[in-house]
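Got the viewer open? Set it to a cartoon view, keep the sequence panel handy, and let's take a walk through this one.

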Amino acid sequence: TPVQSLEQLARQSRINYTVVEGSQTHKYFINMKYAEDTLYRMWKELTLNASTDETQYRVWDYPIREQYGHILLSINESKPLPNASEGFRIVNERLDGDFAFIHDSSEIKYEISRNCNFTEIGEVFAEKPYAVAVQQGSRLQDQISIQILELQKERFFEQLQAKYWNNSVRGECTNDIDSEGITLESL
């Protein structure tokens, strides 16, 4: 069964995976592992030092799933890569589908639009919005906000996405119905 999420990727051992060393994605997994470790220490302190009045804290099963520590361990075993090009190259060479590259979603979508061997799995995680910074109190703030809203209303950003992602070599790829689930074509 193909992996369909980050959680499933973390639970299996057949597919190796990694990130670009020092990237935002790498830092995300490091920070999440630190958060898991901190929560575990707090839980342990709370349960072991609970007085008789606080019996509700005496829980022996740790209530939080520790997946990010496992993910970071697997990433370190596979060795983080020096750049994204190397990650895409390795994925492209591993035709058995035994390697995954976790990276920025917009770069992945772009590479998928150019290469029929790639597929994207799972949901976007740790998404951060883009922003335009102007000096506080600047008259540009309202003008920029209005122009961005106008572009959204005119569907300009959707047109750009269609131009650079949807109208690509992807349309020339053979359709692998097994990996798509139920589609109109397969019905």
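Here is a tour, one stop at a time, starting with the whole chain.

**Before you click.** This is a predicted model, in which local features need pLDDT of at least 70 and side-chain atom pairs count only at pLDDT 80 or more, while totals for chains, interfaces and linings use all residues. Residues are numbered from 1 along each chain as its sequence is written, and side-chain values use heavy atoms, with hydrogens and water left out.

**Stop 1: the whole chain.** Colour by secondary structure and you get 8 helices and 2 strands. Here helices (H or I, at least four residues) and strands (E, at least two) are DSSP runs, numbered from the N terminus. Walking from the N terminus, the order is α-β-α-α-α-β-α-α-α-α. Of the 187 residues, 25% are buried; buried means under 20% relative accessible area, exposed over 50%, and partly exposed in between (1.4 Å probe, protein chains only).

**Stop 2: helix 2.** Select residues 24-48. How far apart are the end C-alpha atoms of helix 2? They are 36 Å apart, and that agrees with the 36 Å that 25 residues should span at 1.5 Å a residue. The expected span is 1.5 Å times one less than the number of residues.

Now show side chains for the buried residues of this helix: Thr 25, His 26, Tyr 28, Phe 29, Glu 36, Trp 43 and Thr 47. Their cover includes helix 1 (6-11) and helix 3 (68-78).

**Stop 3: where helix 2 meets helix 3.** Add residues 68-78 to your selection. The two axes come within 8 Å and cross at roughly 140°; axes are lines fitted to C-alpha atoms, for helices over the stretch in contact, and angles run from 0 to 180 degrees between N-to-C directions. That makes helix 2 oblique to helix 3, since angles under 35 degrees count as roughly parallel, over 145 as roughly antiparallel, 65 to 115 as roughly perpendicular and the rest as oblique.

Which residues meet here? From helix 2 come His 26, Tyr 28, Phe 29, Ile 30, Met 32, Lys 33 and Glu 36, and they face Tyr 68, Gly 69, Ile 71, Leu 72, Ile 75 and Asn 76 of helix 3. Contact means heavy atoms within 4.5 Å.

**Stop 4: Lys 79.** Click on the loop between helix 3 and helix 4 (84-93), where Lys 79 sits. Its phi is near 70°, a positive value in a residue other than glycine. Is Lys 79 buried or exposed? Lys 79 counts as exposed, at 55% relative accessibility.

**Stop 5: Ala 84.** Move on to helix 4, which holds Ala 84. With a relative accessible area of 14%, Ala 84 is buried. Leaving aside neighbours within four places in sequence, Ala 84 touches Val 20, Phe 101, His 103 and Glu 107. Try the distance tool on Ala 84 and Glu 107: their C-alpha atoms are separated by 8.8 Å, with their positions 23 residues apart along the chain.

**Stop 6: helix 6 and Arg 155.** Helix 6 (140-153) is followed by a loop that leads to helix 7 (156-166), and Arg 155 lies in that loop. Helix 6 has 14 residues and reaches 20 Å from its first C-alpha to its last. Just after this helix, Arg 155 takes a positive phi of about 60°, although Arg 155 is not a glycine.

**Last stop: Tyr 164.** Select Tyr 164 in helix 7. Tyr 164 is partly exposed, with a relative accessible area of 46%. Then add Tyr 110: the two C-alpha atoms are separated by 7.8 Å, yet the residues are 54 apart along the chain.
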